[in-house]
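Student: Could you take me through the aromatic rings in this one, up close? I'd also like to know how far to trust the model before we start looking at side chains.

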Amino acid sequence: ACKQFPTGPIETTQCDFETIESVTDELYNDLHTLVETPFFKYFRLDLYRECPFWQENGFCMNRECGITTVDESEIPDRWRAAALSKIEMPKGDQRTVLPGCYYRDSDYCFLDDLTEGDYVDLTLNPERFTGYAGDSARRVWKAIYEENCFGLSELNLLSSNSRNPGLASLPESMTGALTVDGEDAKECLERRVYYKIVSGLHASISTHICHDTMNQTTGAWGPDLQCFISRVAAYPERLEYIYFDTVLLLRAVARLEPYLSAYDYCATGSHEDDAETIARLAKVIDVARTVGRFDESVLFRGENANVLKAEFKEHFRNVTRIMDCVGCDKCRLWGKVQTTGIATALKVLFELDEKALDPKSNSNLLQRSEVVALINTLHRLVESLHMVQDFRRMWAEKGIED
Ligand code: FAD
């Protein structure tokens, strides 16, 4: 299964797998350096928000589920709670009109309160095997997949009884009443895109778990090829969706170029360090402009476009809320980072016109946490592709041994 390398065009994008492969190493190196800089490594999150959908009792007691928070004194002054609370936040009605076609309530994400929660240093809390599994984890994934039930598109599915092949691999208890069919031409494109985004994220998380996993017998850490085969490589479409998510995020970064280039990254007090952050980001943006060829214009067209878009947005917002139901702090941390990163990309692609993206008219368009999440999520995805290369090598070596 690992020998199979997806080739040709990546569906719904104008990019192919080979193009992404050709830039993976360079992109990974730049992103890896970038996410270690002070601007990109500190992320604030509220770890104690209650699960809004069900009573969550499944807290993971494994040591690996815990995270280390950072004392505020280590954080640059202007990001501290006291400084942030001075910034006037929209109260009550969040529908703040900004220049261009954009309203604050157009967010695809429930962001944690800027002044609540703890800072974590993402580099000290790597996404890897934690032991979080069982009913709690399954319930969260099930809830996320079930969010792809678009009322409007049910109309298109009346004549279809089949299920999505990806979801068919879910235990019966997980699929419930789902009637999705990923391969069915009658299914609307938006629903397929929703499924790909989620499945790609799931596959990327699984890739990280399998690449940095703990041997339960010896306690040693390292990659587990069999884990990767059974969770990802045995379902080639899952791997393809990691590429799909990568192109989606690259396209968002490319569209954000003027905004990201004008953003204030000063974090260290050292001109040289901040200049290094800016230079690395410029390289990432360059690659994004060349290969980030996701065609957002093919989505949300036709007579019901606005209703469908509103549903899509609502569903993805729910996914970001479902993260409060993840019963393992480290998994919740990375779940929040990555769903916020994807939500930011969706907002950039589907809600913002060129005027809204103009840093001069909208200098406060994105919160720092959105910029940090976007870049860290892109790093996760590209890191997964990098890890896949390791698994391919392991597979090839195994073939020689056998
Ligand atoms: P799961 O990964 O739980 O999947 C459940 C079912 O979904 C599978 O049986 C399969 O049929 C289907 N499925 C699996 N992958 C896909 C896919 N890509 N596309 C479509 N269908 C699929 N664990 C850690 O060790 N470290 C972490 O950092 C971590 N982060 C997590 C973050 C979130 C948001 C969540 C919900 C869970 C996280 N977990 C983490 C738990 C981890 O994702 C698994 O749930 C756990 O390892 C149990 O795996 P499993 O083999 O039972 O299948």
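Tutor: Confidence first, since this is a predicted model. Within the protein chain, helix H10 comes out highest with a mean pLDDT of 97, while helix H7 (residues 172-175) sits at the bottom with a mean of 31. Two stretches need care. Residues 88-104 have pLDDT below 50, though the model still gives that stretch 33 contacts beyond near neighbours in sequence. Residues 153-185 are also below 50, with 59 contacts counted in the same way. Where pLDDT is low, don't read the predicted coordinates in detail. Across the protein chain the average is 83, and 81% of the residues score at least 70. For the complex, the predictor reports an ipTM of 0.99 and a pTM of 0.88.

Now the rings. The count is 17 aromatic pairs. Take Phe17 and Tyr243: their centres are 5.0 Å apart and their planes make an angle of 85 degrees, an edge-to-face pair. That pair ties together distant parts of the chain, with Phe17 in helix H1 (residues 17-34) and Tyr243 in helix H10 (residues 236-255), 226 residues apart. Phe17 has 3% relative accessibility, so it counts as buried. Tyr243 is at 0%, so it counts as buried too.

Next, go to Phe300 and Phe350, which also meet edge-to-face, at 5.1 Å centre to centre and 85 degrees between the planes. This is another link between distant parts of the chain: Phe300 is in the loop between helix H12 (271-291) and H13, Phe350 is in helix H14 (residues 329-350), and 50 residues separate them. Both Phe300 and Phe350 are buried.

While you're there, have a look at H13 itself, which runs over residues 305-322. Its 18 residues reach 26 Å from first C-alpha to last, close to the 26 Å expected at 1.5 Å a residue. Of those 18 residues, 13 are buried, so H13 is largely enclosed by the rest of the structure.

Some rings go beyond a simple pair. Phe39, Phe40, Tyr259, Tyr263 and Tyr265 are joined by ring pairs into a cluster. One of those rings has a charged partner as well: Arg368 lies over the face of Phe39, 5.0 Å from the ring centre. For another arrangement of this kind, find Trp221, where Arg128 lies over the face at 3.9 Å from the ring centre.

Conventions: Residues are numbered from 1 along each chain as its sequence is written. This is a predicted model: local features need pLDDT of at least 70, side-chain atom pairs count only at pLDDT 80 or more; totals for chains, interfaces and linings use all residues. Side-chain values use heavy atoms; hydrogens and water are left out. Helices (H or I, at least four residues) and strands (E, at least two) are DSSP runs, numbered from the N terminus. The expected span of a helix is 1.5 Å times one less than its number of residues. Buried means under 20% relative accessible area, exposed over 50%, partly exposed in between (1.4 Å probe, protein chains only). Rings of Phe, Tyr and Trp (its six-membered ring) pair if their centres lie within 6.5 Å; planes under 30 degrees apart count as stacked, over 60 as edge-to-face and the rest as tilted. A charge sits over a ring if NZ of Lys or CZ of Arg is within 6 Å of the ring centre and within 35 degrees of the ring normal. pLDDT is the predictor's confidence in each residue, from 0 to 100. Contact means heavy atoms within 4.5 Å.
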